[in-house]
Amino acid sequence: MISPSISSFSAAPSMVGYLYQVRLALLWAIRRSRTSDFVVSLETLDDVSFEVNGEPLAVLQAKHSLNAAANLTDLSAELWKTLRVWLVGLASGEIPLGTARFLITTASAAPGSACAALGIESRDRDVAEATKRLKYAATSSTNSELKPAFEAYLALEEAEREALLAQVYVIPSQPDAVEITEQLQSELYHVSLNHQALSVHMLEGWWFKRVLNELVHPEGGIPRAEIDAQISDIQESLKPDSLPIDEGLDALMVALEQLPEFADRPFYKQVELVSGSQVRIRNAITSYLQAFRQRSAWTRHDLLFDADLDKYDKRLQAEWELQYGQVCDELGPDATDAAMAQAGRALLKWAEDAHIAIRSGVNVPWVCRGSLHMLAEDMRVGWHPQFETRLKTVLDAAAHGKTA
């Protein structure tokens, strides 16, 4: 999941540009997935590339400007640096002449410019005019920074320049790195009509991690099928009978050395009362944290409300009362401490094994297990047959020790 606000990077244009590139890659991948198969890569042949069977079908250059009034002219550095990249790829053979090349930018295209003539709309597109204008710009400009790009362009024959530009599409005035969220939501409207923002949040959380992994450990790109599967999983998790599960929470495991941090918590003491092992205490802490954080996320995204959680907790408490009553009846009034601790461990085992789903489509067991430990934290349930009186004694002694 994405944590920092993109707007917070306003002082770092390169960071904003990269985030824009990553978000743009996702947007175009979603759109392209409706019509054709592909593998999408970042920072390989270009900023973004789409390939089939190892052959590039389209490459994208993403340009993000922090200047709202930015305008593309025939001598814009954005345009010529992009052409330079494509000319190098053409010369090396990495990007064949027939590959579609897209310059996607937040800047506008000046009327009458080569960029305007290379637009994606056929009625305004004039490759011959763009070829002529760019030749004039390259031969008349004295801009030394762009000289290598000018020379590479002029090194082509007239027909080669026109053939290259026939595959170049300039898409100006695009939403910026923040505004692109609306386009992503629009593309994912079918995933959840009521939680479009959450759909984007979940998909981008996966996408950013997946892109990072691909950059660090390249595996040949990210296939369309993997993106489609992720979108399908999100759609399933947002159905009325289900809830999304945070993968990070699902993999959470508290280390044994962290146990002392929780030693004063009632749910921790509850396991101690029945002589539960350190492993069982660690599992209790893990389940508690998983359930607490996941339930908080559900309410934060309006997937559940306090009334829903209260109803679920009452169901859990009712099931516990049934088990607790049976345990106490079996013990009888003269039970020894050892027998009560043993019975309490059996009740704790029931809580560890219980699977009372909050919704029918939620299958992770720690939601139920952790919710029971949350109730134990509030002393609404317990494992020792005399948990209320004994826990009060333990907590009072601990509190007295702190103030002494």
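**Exercise 1. Charges over rings**

Find which ring Arg32 lies over, and how far it is from the ring centre.

*Solution.* Start at Arg32 in this predicted model. Look for the ring whose face it covers: that ring belongs to Phe50. Now check the distance, which comes to 5.0 Å from the ring centre. A charge has to be within 6 Å of the ring centre to count, so this distance passes. For a second case, go to Tyr153: the charged end of Arg161 sits over its ring, 5.4 Å from the centre.

**Exercise 2. A ring pair in helix H12**

Work out how the rings of Tyr288 and Phe292 are arranged: stacked or edge-to-face?

*Solution.* Searching the whole structure turns up 11 aromatic pairs. One of them joins Tyr288 and Phe292, with 6.1 Å from centre to centre and 10° between the planes. Planes under 30 degrees apart count as stacked, and this pair is indeed stacked.

Next, see where the two residues sit. Both belong to helix H12 (residues 278-300), and because they are 4 residues apart, about one helical turn separates them.

Finally, look at their surroundings. Tyr288 has 7% relative accessibility, so it counts as buried. Phe292 has 41%, so it counts as partly exposed.

**Exercise 3. A ring pair in helix H13**

Do the same for Trp320 and Tyr324: what are the distance and the angle between their rings?

*Solution.* The ring centres are 4.7 Å apart and the planes meet at 20°, so you can call this pair stacked. Helix H13 (residues 306-331) holds both residues, and they are 4 residues apart, about one turn of the helix. As for burial, Trp320 and Tyr324 are both buried.

**Exercise 4. A cluster of rings**

Name the residues that ring pairs link into a cluster.

*Solution.* Follow the ring pairs from one residue to the next, and you'll collect Trp28, Phe102 and Tyr169.

**Exercise 5. Counting disulfides**

How many disulfides are there, and why doesn't Cys328 bond with Cys368?

*Solution.* Take Cys328 to begin with. Its closest cysteine sulfur is in Cys368, 20 Å away, so the gap is too far for a bond. Turn it around and start from Cys368: the closest cysteine sulfur is the one in Cys328, again at 20 Å and too far. The cut-off to keep in mind is 2.5 Å between the sulfur atoms. The count therefore comes to 0 disulfides.

One last step is to compare their burial. Cys328 is partly exposed, because its relative accessibility is 27%. Cys368 has a relative accessible area of 1%, so it is buried.

How values were computed. Residues numbered from 1 in each chain as written. Predicted model: local features only at pLDDT ≥ 70, side-chain atom pairs only at ≥ 80, totals over all residues. Heavy atoms only, no water. Phe/Tyr/Trp six-rings, centres within 6.5 Å; stacked < 30°, edge-to-face > 60°. Helix = DSSP H or I, 4+ residues; strand = E, 2+ residues; numbered from the N terminus. Buried < 20%, exposed > 50% of the residue type's maximum accessible area, 1.4 Å probe, protein only. Lys NZ or Arg CZ within 6 Å of the ring centre and 35° of its normal.
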